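Please open the model in your viewer and keep the sequence beside it, so that each stop on this tour can be selected in turn.

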Amino acid sequence: MISLAEARGLDAADPLRGFRDQFHLPDDIIYLDGNSLGPLPLAARDAVRATVHGEWGNGLIRSWNDADWIGAPARVGAKLARLIGAAPGEAVVADSTSVDLFKLIVAALRLRPDRPVVLTEVGNFPTDLYVAEGAVRCVTGARLHTVEPEAVEAAIDAETAVVVLTHVHYKTARRRDMKRLTALAHATGALVVWDLSHSVGAIPLDLKDADADFAVGCGYKFLNGGPGAPAFMFAAERLHPSLASPISGWMGHAEPFAFSDAWRPAAGIERLLAGTPPILGLAALEAGVDLMLDADMATIAAKSAQLFDVFKGLMDERLAGRGFTCISPVDAAERGSHIAFSHPNGFAIMQALIARGVIGDYRRPDILRFGLTPLYLSYADVWRAVDLLAEIMASEAWRTEAPEPQGGVT
């Protein structure tokens, strides 16, 4: 079993250790929920301040041109493209993940008008299911087909227009083989929309190599773009000429400031834009993306894998027989960057941890989830978190009554 001194030794040798100082991290908190909401990058704080005081305060409306506010969705999208293995013109930042997912599902259905089925899996992140259900209601003859996760591949057939899947599962961290499943869908003539919300900034991605069609992802988890940060969309360049957004807003027009009555889509990915871009959110997100681009993704992935091994090893040693079952894949190639355990008293245990300054999260019915965020999480953090958890279980402090959760984000 690794000791605290050994954990500190790993931190001393960590090639990413300098990034921790670039975040605002409260001294009395061990933050294991960055896969839900990343902490504040100091650069994002400064960027928002500069945008508010300098660009909005002094520049006023001139900043749409002088500060290139108008180009922010494409500019930040081009930076994000480097994190997902895409070309600069294949990604754009706009709206929320839910809105972007709706746009892409409807656009995919329109690209396959002779195929009525949107296929997804039971247990997908709920908003993905809700959005898919709403999208099929907007396309005549379309229908949603939801199957168990292990049945997805067999369910792709000649009626499938688009498969909608999360790349890294929000509960278990299970990772799907994007390249293989995309090829399988293409072999039947279907398209795939990937939700990368728990993937981008956490694990290496190469959408070009996977021959991906579409993808969406949020900006507030591993990208540290702040609460409600705008999301991004990816669409393969080969699909752009025939791509039609169901929300044909003015920012997706070929000439938005011509103010013509007739709709004419922009030439590329920007045709997926709709309304005025959220500049303050984009400023924070761009700072988070720049910070991520300064790090090496292979190094991030290697540390993520080692953090997992340390966490699970400590749990196996110190909490054996206490009712915890790891539900995340042990093979690093088969998971994202969080670790999850089921426990019959998961909610009460998580509340006891949070009360002691260890912030993870709980997912019904019985899952404790801990984000492994390599840019700022230390090995000593993991050691202390498991140590506190062992103390809670030994003292049965978790038995203190706690109300059922009423909210929370993922």
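## The cavity

This is a predicted model, and the tour begins inside it, where the structure holds 1 cavity of 30 Å³ or more. The space in this largest cavity comes to about 60 Å³. To find the place, select Gly201, Phe222, Asn224, Met292, Ile300, Thr373, Pro374, Leu375 and Tyr376, which line the largest cavity. Colour that selection by residue class, and the lining divides into 6 nonpolar and 3 polar residues, with no charged residues among them.

## The whole protein

Zoom out next, and show the protein as a cartoon, in which 12 helices and 15 strands can be traced. Along the principal axes, the C-alpha atoms fill a box of roughly 70 × 55 × 40 Å. The radius of gyration is 22 Å, which agrees with the value near 22 Å for a compact globule with 410 residues. If you colour by accessibility, buried residues account for 54% of the 410 residues.

## Aromatic pairs

Now show the side chains of the aromatic residues, among which the structure holds 11 aromatic pairs. Select Trp250 and Phe259 to begin with: their ring centres are 6.0 Å apart and their planes meet at 25°, and because planes under 30 degrees apart count as stacked, this pair is a stacked one. How exposed is Trp250? Trp250 is partly exposed, with a relative accessible area of 34%, while its partner Phe259 is exposed, at 59% relative accessible area.

Move on to Phe341 and Phe370, an aromatic pair that is edge-to-face, with 6.4 Å from centre to centre and 65° between the planes. Follow the chain from each ring, and you will see that the pair links distant parts of it, since Phe341 belongs to strand S12 (residues 338-342) and Phe370 to strand S15 (residues 367-371), 29 residues apart. Are these two rings buried or exposed? Both Phe341 and Phe370 are buried. Add Phe311 and Phe324 to the selection, and you have a cluster in which ring pairs link these residues with Phe341 and Phe370.

## Charges over rings

For the last stops, select Arg318 together with Trp383, where the charged end of Arg318 sits over the ring of Trp383 at 5.8 Å from its centre. Then select Arg335 and Phe308, where Arg335 lies over the face of Phe308, 3.4 Å from the ring centre.

Notes. Residues numbered from 1 in each chain as written. Predicted model: local features only at pLDDT ≥ 70, side-chain atom pairs only at ≥ 80, totals over all residues. Heavy atoms only, no water. Phe/Tyr/Trp six-rings, centres within 6.5 Å; stacked < 30°, edge-to-face > 60°. Buried < 20%, exposed > 50% of the residue type's maximum accessible area, 1.4 Å probe, protein only. Helix = DSSP H or I, 4+ residues; strand = E, 2+ residues; numbered from the N terminus. Lys NZ or Arg CZ within 6 Å of the ring centre and 35° of its normal. 1 Å grid on protein atoms, 1.4 Å probe; cavity = no way out; pocket = protein on both sides within 12 Å on 5 of 7 lines; lining within 4 Å. Points joined across faces, edges and corners; volume = space filled by probe spheres on them. Nonpolar A, V, L, I, M, F, W, Y, C, P; charged D, E, K, R; others polar. Rg over C-alpha atoms; globule rule 2.2 N^0.38 Å.
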